[in-house]
Amino acid sequence: MERLPLKKLVLIGFMGTGKSTVSKLLAEKLGWKRVDGDEEIERLENRLISDIFAADGEAGFRVIETNVLETILASEESSVIATGGGAVLSEINRELMLSKGFVVALKASPEQIIARVKTDTARPLLQGDAEERVNLLLEQRKHAYDFAHLTIDTTNMSAEEVVAAILTQHMIS
Ligand code: S3P
């Protein structure tokens, strides 16, 4: 039986693992549209993620996140989708991603993640002592990304190398 080509490549991973950069390069290489879940949320809500967290709390943000993810995945357009680091926490979201696309998890060492996010003021979950917050969330989420079809540890890889690895696996899967 001939398989239809998958039209959605979904990137998951903890904050600071390179989803944004990799999604841009991947979309360019494939000639597909790039959709960033967090950017879509901000665009549709006309509010910053930090303002949504401040007004509606994390629970309110997660409801919006699921709705937006559903919309993004329902589109027929071939796309590379970068999701927020916590989008994997909901069972509904995980099922949606698995049913609609090829799911790739990006991993990185705690040291690299901390170096990338420590001066960031836009991520509500990392305010305060960023190193402590990252370590705590990494512990809480240690298996949260395991459901992916493919996992890549990007710690010692360039974005180009990550893209090449994903494309190789995507073609043969
Ligand atoms: C979050 C990650 C963020 C954003 C929000 C919550 C999380 O996305 O969705 O701040 O729970 O890990 P990035 O992974 O793109 O930073």
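1. Which elements of the protein have the lowest and the highest mean pLDDT? At the bottom is helix α7 (residues 159-172), with a mean of 88, and at the top is strand β2 (residues 33-36), with 98. Keep in mind that this is a predicted model.

2. On confidence overall, the average pLDDT of the protein is 94, and 95% of the residues score at least 70. For whatever falls outside that, the usual caution holds: where pLDDT is low, don't read the predicted coordinates in detail.

3. Now to the ligand. You'll find it in the largest pocket, with 13 residues surrounding it. Lys19, Asp38, Arg62, Arg123 and Arg141 are the closest of these.

4. What is that shell made of, by class? Nonpolar residues number 5, charged residues also come to 5, and the polar ones make up the other 3. If you're wondering which element to look at, helix α3 (residues 49-74) provides the largest share of the shell, with 3 residues.

5. A few contacts are worth pulling up on screen. The side chain of Arg123 places an N or O atom 2.6 Å from an oxygen atom of the ligand. The backbone joins in as well: a polar backbone atom of Gly85 is 2.8 Å from a ligand oxygen, and for Gly86 a backbone N or O atom lies 3.1 Å from an oxygen atom of the ligand. As for burial, on its own the ligand has 390 Å² of accessible area, and the protein covers 92% of that.

Terms used
Residues numbered from 1 in each chain as written. Predicted model: local features only at pLDDT ≥ 70, side-chain atom pairs only at ≥ 80, totals over all residues. Heavy atoms only, no water. Near = heavy atom within 4 Å. Polar contact = N/O pair within 3.5 Å; in protein donor to acceptor, adjacent residues only side chain to side chain. Areas by Shrake-Rupley, 256 points an atom, 1.4 Å probe, with all protein chains shown as cover. 1 Å grid on protein atoms, 1.4 Å probe; cavity = no way out; pocket = protein on both sides within 12 Å on 5 of 7 lines; lining within 4 Å. Sits in = over half its atoms within 2 Å of the grid points. Helix = DSSP H or I, 4+ residues; strand = E, 2+ residues; numbered from the N terminus. Nonpolar A, V, L, I, M, F, W, Y, C, P; charged D, E, K, R; others polar. pLDDT = per-residue confidence, 0-100.
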